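Trainee: Could you take me through one part of this model closely? I would like to see how the strands, charged pairs and aromatic rings there fit into one picture.

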Amino acid sequence: GDAKLVTDSVTITGGAALVRGSVLGQVTVGAAAAAVAGGGNTGNGAISAITLGARAKVGTYTIRFTGATTYNVVNPFGVELTPGYAAGAYVDPEINWTFTAGGTAMVAGDTETIAVAAGSGAYKLAAAAALDGSQNPVAILADAADASGGDVTGSIYLTGEFNQRALTLGAGITAAAAKAALRVLNIFIKTSNSAADPT
């Protein structure tokens with residue numbers, strides 16, 4: 001389209017060969033480390049089987065116990081998440097784990113922390129089921145890039161106006177979802193009846 005194009009050279013990852021026009025997400029979230037018990041804890045309960053949700057944040061999550069099996073959870077930005085009410089599975093859109101009571105019960109004031117690392121910053125085909133940040137469309141691949149043998153350098157569009165029919169979408173990403181996500185980034189997706197300049 002007529003909108004100004006802004007490009008950048010980035011790392012393309014994901015183990016796949018991508019064609020020009022692929023809608024990309026960025027790997028912004030890495031892995032979660034094992035939980036670390038507070039140095040002054042009385043109880044010896046354990047948090048294990050940690051997994052990240054689609055809304056995971058980079059930084060340190062803090063679990064503050066209010067009783068033997070009850071606790072509050074604060075994300076890296078200081079926002080309180082779903083409280084924990086019992087031993088067993090904890091589920092939240094940001095982070096999940098299993099809490100197992102130990103031989104000595106947790107007491108109010110005991111803490112556990114979980115550090116979530118930053119992602120690589122590389123780009124790959126956006127897919128709705130991803131949990132590393134790449135589930136969010138943020139760019140369009142400017143030239144074909146083959147990352148099937150490892151990460152490569154490629155060019156992306158950061159702004160511009162594009163023909164929806166010329167885009168390649170990852171699993172679970174609809175045209176409507178991509179259009180809405182990219183619109184706020186000044187990437188405009190337009191429909192057309194041909195591959196000509198969209199109107």
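Mentor: Happy to; what follows is a walk around strand β7 and its surroundings.

A word on the ground rules. This is a predicted model, in which local features need pLDDT of at least 70 and side-chain atom pairs count only at pLDDT 80 or more, while totals for chains, interfaces and linings use all residues. Residues are numbered from 1 along each chain as its sequence is written, and side-chain values use heavy atoms, with hydrogens and water left out.

Let's start with the strands, which are DSSP runs (E, at least two residues; helices are H or I runs of at least four), numbered from the N terminus. Strand β7 covers residues 59-65. With β11 (residues 111-118), β7 pairs in the antiparallel sense over six bridges; pairing requires that DSSP finds at least two bridges between two strands. β7 also pairs with β8 (residues 71-74), again in the antiparallel sense, over four bridges, and a hairpin of five residues joins β7 to β8. Arg64 shows both pairings nicely: Thr111 stands opposite Arg64 in β11, and Asn72 is the bridge partner of Arg64 in β8.

Now to the loops. Glu94 and Lys57 form a salt bridge, with the closest N and O atoms 3.4 Å apart; the term means a side-chain nitrogen of Lys or Arg within 4 Å of a carboxyl oxygen of Asp or Glu. Glu94 sits in the loop between β9 (88-90) and β10 (95-100), and Lys57 in the loop between β6 (46-52) and β7, so this pair ties together parts that are 37 residues apart in sequence. Glu94 counts as buried because its relative accessibility is 8%, whereas Lys57, at 26%, counts as partly exposed. Here buried means under 20% relative accessible area, exposed over 50% and partly exposed in between, using a 1.4 Å probe and protein chains only. A search of the whole structure finds three salt bridges.

Asn75 belongs to this neighbourhood too, since Asn75 touches both Lys57 and Glu94, along with Thr60, Tyr61 and Leu81, leaving aside residues up to four places away in sequence. Contact here means heavy atoms within 4.5 Å. Asn75 lies in the loop between β8 and β9 and is buried, at 4% relative accessibility. The side chain of Asn75 also reaches the backbone nitrogen of Phe77 at 2.8 Å.

Finally, the rings. The whole structure holds seven aromatic pairs; rings of Phe, Tyr and Trp (its six-membered ring) pair if their centres lie within 6.5 Å, with planes under 30 degrees apart counted as stacked, over 60 as edge-to-face and the rest as tilted. Phe65 and Phe99 make a tilted pair, 5.1 Å centre to centre with 50° between the planes. Phe65 is in β7 and Phe99 in β10, 34 residues apart. Phe65 is buried at 3% relative accessibility, and Phe99 is buried at 3%. Tyr71 and Trp97 form a tilted pair as well, 6.2 Å between centres and 35° between planes. Tyr71 lies in β8 and Trp97 in β10, so that pair ties together parts 26 residues apart in sequence. Tyr71 is buried at 1% relative accessible area and Trp97 at 2%. Ring pairs link these four residues and Tyr90 into a cluster.

Methods: A polar contact is a pair of N or O atoms within 3.5 Å; within protein, one must be able to donate a hydrogen and the other to accept it, and residues adjacent in sequence count only if both atoms are side-chain atoms.
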